[in-house]
Amino acid sequence: MGGETIPRGRRVRLDLPIARLTTGTMMSLPVTVICGKKPGPRLWLSAAIHGDELNGVDIIRRVAKALRPSRLTGSVIAVPVVNIFGLLEQSRYLPDRRDLNRSFPGSSRGSMASRLAALFMREVVSQCTHGIDLHTAAIHRVNLPQVRADLDDPATYALAQAFGAPVMIHASHRDGSLRQAAAKRHIPTLLYEAGEALRFDETAIQTGVEGIYRVMAYLGMVAPIEPPPLPTVEVQQTRWVRASRGGIWHRAIALGDEVKQRQPLGFISDTFGDKPVQVRSPMAGIVIGHGQNPLVNQGDALVHVASVKAESEPEQ
């Protein structure tokens with residue numbers, strides 16, 4: 001990787017050059033390679049493809065710090081910050097306002113996003129047999145810990161079950177996403193979503209750490225660990241409930257709540273609380289996400305409800 005050969009039983013930190021800033025300072029992709037003493041699966045862990053999504057950064061820090069090459073079968077390639085430009089600006093996007101997770105597999109002659117995607121595919125994804133990409137909800141939203149994956153693929157389905165998140169959702173591949181690019185190379189890949197942008201969430205982080213260890217245990221990379229305390233709920237359909245009018249949103253539910261069809265989720269009113277409009281769930285299910293900003297416009301996403309039937313909406 002990066003022109004270096006990492007021997008078995010070693011941990012190596014690399015900085016892969018990306019591009020120079022206007023000041024001439026070189027920006028690099030920080031990577032830690034943990035190569036076990038025994039050959040085996042090669043798993044990549046990536047976070048902050050959206051630069052304001054931070055839970056995955058700490059998840060990878062904790063996992064990478066705890067792994068010992070002498071006790072590891074196979075290799076882990078840990079990339080805690082893929083979109084280093086976005087992280088510095090506390091932004092989802094790159095400086096050219098492109099979404100990196102819509103730019104894969106990229107091109108070495110394309111935009112900044114395309115070049116970074118191509119570098120990641122060449123140096124990281126091409127080296128691996130499996131992958132886990134870590135995300136949070138978009139700004140002003142929060143997600144229940146959940147795995148999104150192609151559950152119709154048996155190998156990917158097995159990884160999702162092993163992860164043991166509270167919810168695993170069947171999600172088709174989004175054009176230009178890392179998951180799609182990896183799938184075209186027949187690499188089973190999970191997308192973990194939990195928490196909110198620009199915040200650390202201890203439950204989301206710990207759930208992610210434990211899930212990664214369960215996947216590694218399933219792959220035979222580390223010793224077995226305990227299963228999750230509750231079974232994973234498999235979901236085939238999700239739906240965002242949106243505001244029918246603008247106003248102030250008064251939410252009456254929380255992440256993980258079970259809701260019935262037509263159950264009130266909260267109400268929207270004006271600043272004095274007059275003329276409240278009830279917001280009801282269109283279906284029975286589990287609350288897997290919701291907006292955080294009480295100031296809403298007509299059409300804004302309020303509550304994300306997961307059912308167990310039909311197809312899921314793509315990740316945001």
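Helices, at least four residues long, and strands, at least two, are DSSP runs, numbered from the N terminus. Keep that in mind for the labels. One more caution: this is a predicted model.

Let's start with the backbone. Phe104 and Pro105 are joined by a cis peptide bond, with omega at about 5 degrees. Where is Pro105? Its place is the loop between helix H2 (84–89) and helix H3 (112–123).

Two residues have a positive phi without being glycine. His140 is one, at about 70 degrees. His140 sits in the loop between strand E5 (130–135) and E6. Lys275 is another, at about 50 degrees. That residue belongs to the loop between strand E13 (264–269) and strand E14 (277–280). Is Lys275 buried or exposed? Exposed, with a relative accessible area of 68%.

Now the aromatics. How many aromatic pairs are there? The count comes to three. Take Trp44 and Phe120. Their ring centres are 6.3 Å apart, the planes make 85 degrees, and the pair is edge-to-face. It links distant parts of the chain: Trp44 is in strand E3 and Phe120 in helix H3, 76 residues apart. Trp44 is buried, at 0% relative accessibility. Phe120 is buried too, with a relative accessible area of 0%.

Phe120 has another partner, Phe104. Those ring centres are 6.3 Å apart and the planes stand at 75 degrees, so this pair is edge-to-face. It also links distant parts of the chain: Phe104 is in the loop between H2 and H3, Phe120 in helix H3, and 16 residues separate them. Phe104 counts as buried, at 5% relative accessibility. Put together, Trp44, Phe104 and Phe120 form one aromatic cluster. And recall that Phe104 is the residue joined to Pro105 by the cis bond.

There is a charge over a ring as well. Arg141 lies over the face of Trp240, 4.6 Å from the ring centre.

On to the pockets. The largest pocket holds about 360 Å³ of space. It is lined by 18 residues, and the closest to its centre are Ala165, Pro166, Val167, Leu230 and Pro231. Strand E6 (141–149) and helix H6 (202–218) each supply at least two lining residues. Which element gives the largest share? H6, with three residues. By class, the lining has eleven nonpolar, four polar and three charged residues.

The second largest pocket holds about 270 Å³. Of its 16 lining residues, the closest to the centre are Ile6, Val33, Cys35, Arg42 and Ser75. Strands E2 (26–35), E3 (38–47) and E4 (73–79) are the elements that give two or more residues to this lining. E3 has the largest share, with four. The lining divides into six nonpolar, six polar and four charged residues. Strand E3 also carries Trp44, from the aromatic cluster.

Cys35 brings me to the last topic, disulfides. How many disulfides does a search of the whole structure find? Zero. Why is Cys35 unpaired? The closest cysteine sulfur, in Cys128, is 11 Å from the Cys35 sulfur, too far for a bond. The cut-off for a disulfide is 2.5 Å between sulfur atoms. Cys35 is buried, at 11% relative accessibility. Cys128 is buried as well, at 6%.

That's the tour. Questions, please.

Key
Residues are numbered from 1 along each chain as its sequence is written. This is a predicted model: local features need pLDDT of at least 70, side-chain atom pairs count only at pLDDT 80 or more; totals for chains, interfaces and linings use all residues. Side-chain values use heavy atoms; hydrogens and water are left out. Buried means under 20% relative accessible area, exposed over 50%, partly exposed in between (1.4 Å probe, protein chains only). On a 1 Å grid over the protein atoms alone, a cavity is a set of points where a 1.4 Å probe fits but cannot get out, and a pocket is an open set with protein on both sides within 12 Å along at least five of seven lines; lining residues have an atom within 4 Å of a point. Grid points are joined across faces, edges and corners, and a volume is the space filled by probe spheres set on the points. Ala, Val, Leu, Ile, Met, Phe, Trp, Tyr, Cys and Pro count as nonpolar, Asp, Glu, Lys and Arg as charged, and the others, Gly among them, as polar. Rings of Phe, Tyr and Trp (its six-membered ring) pair if their centres lie within 6.5 Å; planes under 30 degrees apart count as stacked, over 60 as edge-to-face and the rest as tilted. A charge sits over a ring if NZ of Lys or CZ of Arg is within 6 Å of the ring centre and within 35 degrees of the ring normal.
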